[in-house]
Amino acid sequence: MKVFTIAMHKDGKLTSASFELISTAKSIGGELITAVLSDNAEPLANELASRGGGKVLAVSHESLKLFNDEIYAKVLSRLLTKWSPDVVLGPASVYGKSLVARLAAKNGYAMASDATGLRIDGDQLVVTRPTYGGSVLSDVVVNDSCGPYFVTVRGKVFSESKDGAGEVVNETVEADAFESKMTVKESRVESGGTVSLNEADVIVSAGRGIKNQDNLQFIADLAKALGGAQGASRAIVDAEWAPYSQQVGQTGKTVNPKLYIAVGISGAIQHLVGMISSGTIVAVNKDKDAPIFNIANYGIVGDAMEIVPALTNKFKAELS
Ligand code: FAD
């Protein structure tokens, strides 16, 4: 089995998902190839190699500095043709899903998205993925004859690879791969954004129960005290209290932190599908019968505007 992982980077730093993918690949076993594309890929490739990335392919080109699906897909397609892997793994992030789906479609191969488990059964790769809003886990296989199997892997399911062996191979790709109909001119972190939702170990999310936009400060304070990120239900994104980038759920992000605190969120299925696989779920709601309590590990019944500041003070005192 030859497993090919796609490393991603942001602001010149490799994402934690890149190292999680190495662990995922190691869990399958076989030969490991990792690819990293950047304007200056070699330092990133060295880091991947020192953390067990196997054969690390580094492609450097100025047009790879900012993520552009079209160019990334063209360059990776050339590498896939050359290295002929059996499995291609990418992160189930916004960029990862876009890129891996494009790669699979471009080459006419099968894809499974948002995997939470992978195993070998005989000579087949079996991918486990949540379906029906996370209420069912499906095992998905493809026929051997289909060629490489493309999979995006949900973040925070596998731990990051910390060390191991690796070897950097600088790759050059023909110039036409760097041509695109579009130019990505700039990539900006949304103002107020600190920790990315996909990378966060702790997420504190607010819903309509926080009553008004000013009260979001309570959520921001708690998230900061825990070193976490802020999330939101669609109700408050639609009300324009919070940016879309914070929306968790069916039409927002799927997150998988160690701790998810849902404040003033009722627990509609469309929200739950985006956070139900979190490690520990804490819900704060003034309605003891709110559906969110059906899936929460810990529930606090009461007024969010009293409970959240009290939690923040407690955590600040404990963690300082
Ligand atoms: P509400 O359902 O209004 O709940 C507010 C909660 O706050 C209540 O439980 C209430 O008891 C509690 N509360 C009130 N006052 C207080 C207080 N003082 N202290 C503590 N608690 C209090 N939703 C998403 O979140 N993400 C999605 O991606 C998403 N996608 C959708 C896609 C489709 C196709 C559709 C149809 C809907 C989608 N929704 C999504 C919307 C979803 O169905 C719910 O409407 C939404 O999640 C409700 O948000 P909420 O829990 O913040 O608000």
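# Briefing: two domains, their cores and a pocket

Ala-242 is buried, with 7% relative accessible area. This residue belongs to a predicted model, in which the protein is divided into domain 1, residues 2-178, and domain 2, residues 202-319. The points below take the domains, the cores, a pocket and a few single residues in turn.

**Domains**

- The centres of domain 1 and domain 2, taken over C-alpha atoms, are separated by 31 Å.
- Where the two domains are in contact, domain 1 supplies seven residues and domain 2 supplies six residues.

**Nonpolar cores**

- The largest nonpolar core holds 29 residues.
- Val-36, Leu-48, Leu-89, Leu-118, Leu-125, Val-127 and Val-151 have the most contacts inside this core.
- Both helices and strands give two or more residues to this core: the helices are α1 (16-28) and α2 (41-50), and the strands are β4 (31-38), β5 (51-60), β6 (87-91), β7 (111-115), β9 (124-131) and β11 (149-153).
- Another core, of 28 residues, lies apart from the largest one, and Ile-33, Leu-64, Leu-80 and Trp-83 are among its members.
- Leu-118 gives a view of the contacts of one core residue: leaving out residues up to four places away in sequence, Leu-118 touches Thr-24, Ile-28, Leu-89, Leu-125, Val-126, Val-127, Val-151, Val-153 and Phe-158.

**The second largest pocket**

- The second largest pocket contains about 500 Å³ of space.
- Its lining is made up of 28 residues, and those nearest the centre of the pocket are Arg-208, Ser-233, Gly-264, Ile-265 and Ser-266.
- The elements that each give two or more residues to this lining are α6 (234-238), α7 (269-272), β16 (280-285) and α9 (304-319).
- By type, the lining residues are eight nonpolar, 14 polar and six charged.

**Val-169, a strand residue**

- Val-169 is part of strand β12, which covers residues 164-170.
- Val-169 and Leu-57 are 112 residues apart along the chain, yet their C-alpha atoms are separated by 4.9 Å.
- Leu-57 is one of the residues in contact with Val-169; with neighbours within four places in sequence set aside, the others are Lys-55, Val-56 and Ala-58.

**Ala-242, a loop residue**

- Ala-242 sits in the loop between α6 and β15 (259-263).
- Ala-242 counts as buried because its relative accessible area, 7%, is under the 20% cut-off.
- Its contacts, without neighbours within four places in sequence, are Leu-216, Ala-232, Ile-236 and Val-237.
- From Ala-242 to Thr-280 the distance is 24 Å, C-alpha to C-alpha, for two residues 38 apart in sequence.

**Two residues with positive phi**

- Most residues other than glycine have a negative phi.
- Ser-84 has a positive phi, near 45 degrees, and is not a glycine.
- Ser-84 is placed in the loop between α3 (69-83) and β6.
- With a relative accessible area of 46%, Ser-84 is partly exposed, because this value falls between the cut-offs of 20% and 50%.
- Asp-114 also is a residue other than glycine with a positive phi, near 65 degrees.
- Asp-114 lies in a strand, β7.
- Asp-114 has 10% relative accessibility and therefore counts as buried.

Definitions and conventions
Residues are numbered from 1 along each chain as its sequence is written. This is a predicted model: local features need pLDDT of at least 70, side-chain atom pairs count only at pLDDT 80 or more; totals for chains, interfaces and linings use all residues. Side-chain values use heavy atoms; hydrogens and water are left out. On a 1 Å grid over the protein atoms alone, a cavity is a set of points where a 1.4 Å probe fits but cannot get out, and a pocket is an open set with protein on both sides within 12 Å along at least five of seven lines; lining residues have an atom within 4 Å of a point. Grid points are joined across faces, edges and corners, and a volume is the space filled by probe spheres set on the points. Helices (H or I, at least four residues) and strands (E, at least two) are DSSP runs, numbered from the N terminus. Ala, Val, Leu, Ile, Met, Phe, Trp, Tyr, Cys and Pro count as nonpolar, Asp, Glu, Lys and Arg as charged, and the others, Gly among them, as polar. A nonpolar core is a set of buried Ala, Val, Leu, Ile, Met, Phe, Trp, Tyr and Cys residues joined through side-chain atoms within 4.5 Å. Buried means under 20% relative accessible area, exposed over 50%, partly exposed in between (1.4 Å probe, protein chains only). Contact means heavy atoms within 4.5 Å. Domain bounds come from an automatic or database domain assignment.
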